[in-house]
Amino acid sequence: MQIFIKEFGHVQMDNTFKFNHVSIIVPDLKQAIKFYMEYFGMEVFIETYNRKEQELKRVWNTPNLHVNLAMLKGSCLRIELIEDHVTFQTQQKRYPSPHISFEVNDTQTVYENLVEKGIVFINKPEIIRNSVKIAFFLGPGDIVHEIIQIMGK
């Protein structure tokens, strides 16, 4: 399967699939929503609480499912936030995966702006493979995020 960028923010595989969303488990849904709205200008387009429908239990293969859920959208990214304390507490913390990646025009400038706003980074911006400049930071619940600049754009 070959992956290529057709247009900003939409990854297509074999001309068939488009990137849809990133889904992450968070310890506090309201805190996570505020974080993505405040720092990245995202908007909430779905926000539901006390979800425990049989359909979700079946498709997620989770008989004791009882979650709060929100979908946020930005200019090129959608994020599904799921608050489920039992699942969150058992999720392994591996850096830098899983993570959410935001493509930016200038990693250094964005890094400095976010540091000024109080965001704590795991690393300073670095160029890797002579093709991208990246930096990782932690969001609510120690969820790992990345800012990435495609060099030569």
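This short presentation describes two sheets, the helices packed on them, one edge residue and one pocket in a predicted model.

Good morning, colleagues. I begin with the sheet that holds β4 to β7. Four strands make up this open sheet, arranged in the order β4-β7-β6-β5, and their pairing is mixed. At its edges stand β4, residues 22-26, and β5, residues 43-51, each of which pairs on one side only. From one strand to the next, the twist averages 15 degrees.

Within this sheet, β6 covers residues 67-73 and β7 covers residues 78-83; the two pair in the antiparallel sense, over six bridges. As one point of reference, Ala 70 has Leu 81 of β7 opposite it. Helix α1, residues 29-40, packs on this sheet and touches β4, β5, β6 and β7. The direction of α1 makes about 175 degrees with that of β5.

I turn now to the other sheet. It is also open and also has four strands, here in the order β8-β11-β10-β9, with mixed pairing. Which strands stand at the edges of this sheet? They are β8, residues 99-103, and β9, residues 126-128; each has a single partner strand, so one side of each is left without a neighbour in the sheet. On average, and with direction ignored, neighbouring strands here are turned by 35 degrees against each other.

The pairing at the two edges may be taken in turn. On the β8 side, five bridges join β8 to β11, and these strands run parallel. Glu 103 stands opposite Ile 148 in β11. On the β9 side, three bridges link β9 to β10, residues 132-138, and this pair runs antiparallel. There, Ile 127 has Lys 133 in β10 as its bridge partner.

In general terms, strands of a sheet pair through backbone hydrogen bonds, and they do so either parallel or antiparallel.

The side chains of β8 alternate along the strand. Ile 100 and Phe 102 point to one face and are buried. His 99, Ser 101 and Glu 103 point to the other face and are not buried.

Two helices are to be noted here. Helix α1, already met on the other sheet, packs on this one as well, touching β8, β10 and β11, the last being residues 144-150. Its direction makes about 15 degrees with that of β8. Helix α4, residues 107-116, lies across β10 and β11 and runs at about 15 degrees to β10.

Let me pause on a residue of the edge strand β9, namely Glu 126. Is Glu 126 buried or partly exposed? Its relative accessible area is 40%, so Glu 126 counts as partly exposed, the range between 20% and 50%. Apart from neighbours within four places in sequence, Glu 126 is in contact with Val 132, Lys 133 and Ile 134. Its C-alpha atom is separated by 9.1 Å from that of Gln 108, which is 18 residues away along the chain.

Finally, I come to the second largest pocket, which holds about 310 Å³ of space. Its lining comprises 15 residues, and those nearest its centre are Tyr 39, Phe 40, Phe 102, Glu 103 and Val 104. The elements α1, β8 and α4 each give two or more residues to this lining. Which element supplies the largest share of the lining? That is α4, with three residues. By residue class, the lining divides into 10 nonpolar, three polar and two charged residues.

Thank you for your attention.

Terms used:
Residues are numbered from 1 along each chain as its sequence is written. This is a predicted model: local features need pLDDT of at least 70, side-chain atom pairs count only at pLDDT 80 or more; totals for chains, interfaces and linings use all residues. Side-chain values use heavy atoms; hydrogens and water are left out. Two strands pair if DSSP finds at least two bridges between them. Axes are lines fitted to C-alpha atoms, for helices over the stretch in contact, and angles run from 0 to 180 degrees between N-to-C directions. Contact means heavy atoms within 4.5 Å. Buried means under 20% relative accessible area, exposed over 50%, partly exposed in between (1.4 Å probe, protein chains only). On a 1 Å grid over the protein atoms alone, a cavity is a set of points where a 1.4 Å probe fits but cannot get out, and a pocket is an open set with protein on both sides within 12 Å along at least five of seven lines; lining residues have an atom within 4 Å of a point. Grid points are joined across faces, edges and corners, and a volume is the space filled by probe spheres set on the points. Ala, Val, Leu, Ile, Met, Phe, Trp, Tyr, Cys and Pro count as nonpolar, Asp, Glu, Lys and Arg as charged, and the others, Gly among them, as polar.
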